[in-house]
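Colleague: I have a few labels I'd like you to justify for me. Can we go through them one at a time?

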Amino acid sequence: MAVTIEDLYRNYGILADAKDNPGQHKDAYQVILDGVKGGPKEKRLAAQFIPKFFSNFPDLADAAINAQLDLCEDDDVSIRRQAIKELPRFAAVENIVRVADILTQLLQTDDTTEFNQVTASLISIFKMDAKGTLGGLFSQILQGEDVVRERAIKFLSTKLKTLPEDVMTKEVEEYVFAETKKVLEDVTGEEFVLLMRVVSGLKVLQTVNGRQQLVELVVEQAFLEQGLNPSDPDTVDRLLQCTRQAVPLFSKNVHSTRFVTYFCEHVLPNLSTLTSPVDELDIQLEVLKLLAEMSPFCGDMDKLEANLKILFVKLLELMPLPPEEAEHGDNSTNEEPKLQFSYVECLLFSFHQLGKKLPDFLIDKVDAEQLKDFKIRLQYFARGLQVYIRQLRVALQGKTGDALKSEENRIKVVALKITNNINVLIKDLFHNPPSFKSAITLSWKPVQKTDVIAPKRASSEEMGFGASMKKNISPQPRRDSRQIYNPPSGKYSATIGNFTYEQGSGGFRASRGRGFNGRGNRSRGRIY
C-alpha cells in the first residue's frame, strides 16, 4: 500500500516526539523512506524528512542515502532540487566522500537552477570537511564521465579561491596539489589551463620553492626535451599554452632558462613555418612576445653565445638594409621595405636582456663585416622609426580622455609605445661599447605610471643614435625623401596591447593524454 501524506506526517510526529531517542522507532523511519515511492507531494516531504532523522538510524544509513538519491534523479526538477538541497545533511564524517562524489556527479545537470543548488551544496560540505569533499571531487575527476570530469575541474578552478582560510588550510592545499599532479598525468589542453589556475592560486605554493614546483609541472607538460614540429598546430598550441602558464611564475629566483633556451634553439629557427592553432592568430608575434616576457628571468645559459647568435640572425632578417636606389636619390621604382615594429620590439628586447649576460658579444663574437651590416640596418630602421614617432605624436597631439579610447587612437597610442621602446634599445646598441642598461616596459604590459602624450619634437636622444651619427639626421623633416625615409607602412598589431590568446575551442584537438597529445589510452571523445 502506497505511503500517503498523512502517513508521512504521522510517522514524522512519532519520531519528533521521541526527542532524544527516536532510534527506537525504526518502523516509523522506514515509512518515511518508503515515501520516495509515492506521488510528487509525498516525495517532497520525504526529501525533507529523511535527512532530518538520518543520524538516528545508522543501520538504515545506506537505505536512507539511496532513497535520497532516488529523489535526486526524479523526473520532477523541483523534487530534485529539494533532495539536492538536503544532501549536505547526510555528510557525516563517514559519509562525506560519498556525498561529495554524489554531488559531483550531479554537476552534469543542464538545468541552471539545479546546477546552482548542486554547487551550493558542494560548498556547504566543503565547510564541514574540505579534504573529504575534495576526495569525492577528485575521485570523479580521475574516474568519472566526461561531462562530470569537465564540470568538476571547472568547479575547482572557480570556487576554491572563494573559500576562507579556515577551510583551505595548509593540509587541504597540499592535498589539492598532490591530487592535481595525479590528474595532470592525463589531461586535455583546456583541463591543463584550468588545473594550473587551481594550483597557482594555492597560498602554500606562493614561496620560491612552491613556484619552482609549479614550473616543473609545466615543463613536464611542455615536452621541452623534444624537438618542435612547426607544422603540427597541436604541438605549437601545447607549447604556447604551457609557456603562458609558466610566464607568471618566473622571477629573479625562479628562472625561465629552459623555456628561453628552447625558444632560441627550436622555435626561432622555425618561426616562419609555425602553424597557428587558431586562424586569426599571428603566431609569430605571439611567440616573440612570450620570448620577450621570459627573457628578463633567464638564468645562466649553457649555450648563451650560440643563442645570442640565433637572436642576432633573426634580428638581421627583420631589419632590412636601405634600398640601393635610395643611395642614388631614386626610390620610385621599388617599394620600400616594411618595418615590422612589433616583431622587432620583441626581438630587440630579448637580445638586449640576454646581451647583459655577454656584453662583449657584438664586439668580440660578431665579425667586423656582420657588425657593420647590423649597424647599417639599425640606422636605417631608426630613420624610419623617427618618421613614425613624429607622425604619431602629431596625430595624438591634444587628444585626451574619450578621444584616446577610440580604436584608431588606441592603436596609435600602442604604436607610439612600441616605437619609443625600439628607440631606447637601438640607442643602447649604438653606444661604444654597446650598452645594456636601459629599462623599458614592453608595449603590451601594464605600467604603473601612464605616460602623458604631448606634442614634442624628436630630439637627437630620442633618435637612438650615438654622437657620431647625429650629423646624418636633421631634427626637422626635409623634402628630400632620400635623406629622411618615409616608410609606406610599418607592421604593428592592432591588438598588441593585449595578449588575447589563451585556450579555446580551436586548440589541442587531440584526445586527452599526458602532455595533451593523446598519449594516454583513454579517449573521452572531446574536441581536445
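Modeller: Sure, and let's start with a word we'll need a lot: buried means under 20% relative accessible area, while exposed means over 50% and partly exposed is what falls in between. Keep in mind that this is a predicted model. With that cut-off, the buried residues of α13 are P233, T235, V236, D237, R238, L239, L240, Q241, C242, T243, Q245 and A246.

Colleague: What makes α13 a mostly covered helix?

Modeller: The count does: 12 of its 14 residues are buried. The elements covering those buried residues include α11, α12, α14 and α15 (283–294). As for its length, α13 reaches 20 Å from its first C-alpha to its last, close to the 20 Å expected at 1.5 Å a residue.

Colleague: You mentioned α11. How do you know that α11 is largely enclosed by the rest of the structure?

Modeller: Same kind of reasoning: nine of the 12 residues of α11 are buried, so the helix is largely enclosed. The buried ones are G189, E191, F192, V193, L194, L195, M196, V198 and V199. Their cover includes α9 (146–159), α10 (170–183), α12 (208–222) and α13 (233–246). Helix α11 covers residues 189–200 and reaches 16 Å between its end C-alphas, close to the 16 Å expected at 1.5 Å a residue.

Colleague: And single residues? Why does S256 count as buried?

Modeller: S256 has 0% relative accessibility, and the cut-off is under 20%, so S256 counts as buried. Its place is in the loop between α13 and α14 (257–267). Leaving out residues up to four places away in sequence, S256 touches F250, M294, F297 and C298. The side chain of S256 also reaches the backbone oxygen of M294 at 2.7 Å.

Colleague: Then why is R410 called partly exposed?

Modeller: R410 has a relative accessible area of 24%. Buried needs under 20% and exposed needs over 50%, so a value in between is called partly exposed. R410 lies in helix α20 (residues 407–429). Its C-alpha is 9.8 Å from that of L396, with the two positions 14 residues apart along the sequence.

Colleague: On to the rings. Why is the pair of F341 and F381 called edge-to-face?

Modeller: Their planes are 85° apart and their centres 5.4 Å apart. A pair needs centres within 6.5 Å, and planes over 60 degrees apart count as edge-to-face, so both conditions are met. F341 lies in helix α17 (residues 341–355) and F381 in helix α19 (residues 368–396), so the pair ties together parts that are 40 residues apart in sequence. Both rings belong to buried residues.

Colleague: What makes F351 and F361 an edge-to-face pair as well?

Modeller: The planes stand at 70° with the centres 5.9 Å apart, so that pair is edge-to-face. F351 is in helix α17 and F361 in helix α18 (residues 361–365), so parts 10 residues apart in sequence are tied together. F351 and F361 are buried too. In total the structure holds 15 aromatic pairs, and Y9, Y12, F49 and F53 form one aromatic cluster.

Colleague: How do you know that the charged end of K52 sits over the ring of F53?

Modeller: The distance to the ring centre is 5.9 Å, and the limit is within 6 Å, along with a position within 35 degrees of the ring normal. The charged end of K289 likewise sits over the ring of W444, 5.2 Å from its centre.

Colleague: Which residues touch the most other members of the largest nonpolar core?

Modeller: Y29, I50 and I426 do, in a core of 153 residues. Helix α19 gives the most to this core, with 10 residues.

Colleague: One last contact: what does Y175 touch?

Modeller: Y175, in helix α10, touches K131, L134 and G135, again not counting residues up to four places away in sequence. The C-alpha atoms of Y175 and G135 are separated by 9.1 Å, though these residues are 40 apart along the chain.

Colleague: And the protein overall?

Modeller: The protein has 20 helices and zero strands, and 50% of its 528 residues count as buried. Among contacts between residues at least 6 apart in sequence, 74% join residues at least 24 apart.

Technical notes
Residues are numbered from 1 along each chain as its sequence is written. This is a predicted model: local features need pLDDT of at least 70, side-chain atom pairs count only at pLDDT 80 or more; totals for chains, interfaces and linings use all residues. Side-chain values use heavy atoms; hydrogens and water are left out. Rings of Phe, Tyr and Trp (its six-membered ring) pair if their centres lie within 6.5 Å; planes under 30 degrees apart count as stacked, over 60 as edge-to-face and the rest as tilted. Helices (H or I, at least four residues) and strands (E, at least two) are DSSP runs, numbered from the N terminus. Buried means under 20% relative accessible area, exposed over 50%, partly exposed in between (1.4 Å probe, protein chains only). A nonpolar core is a set of buried Ala, Val, Leu, Ile, Met, Phe, Trp, Tyr and Cys residues joined through side-chain atoms within 4.5 Å. The expected span of a helix is 1.5 Å times one less than its number of residues. Contact means heavy atoms within 4.5 Å. A polar contact is a pair of N or O atoms within 3.5 Å; within protein, one must be able to donate a hydrogen and the other to accept it, and residues adjacent in sequence count only if both atoms are side-chain atoms.
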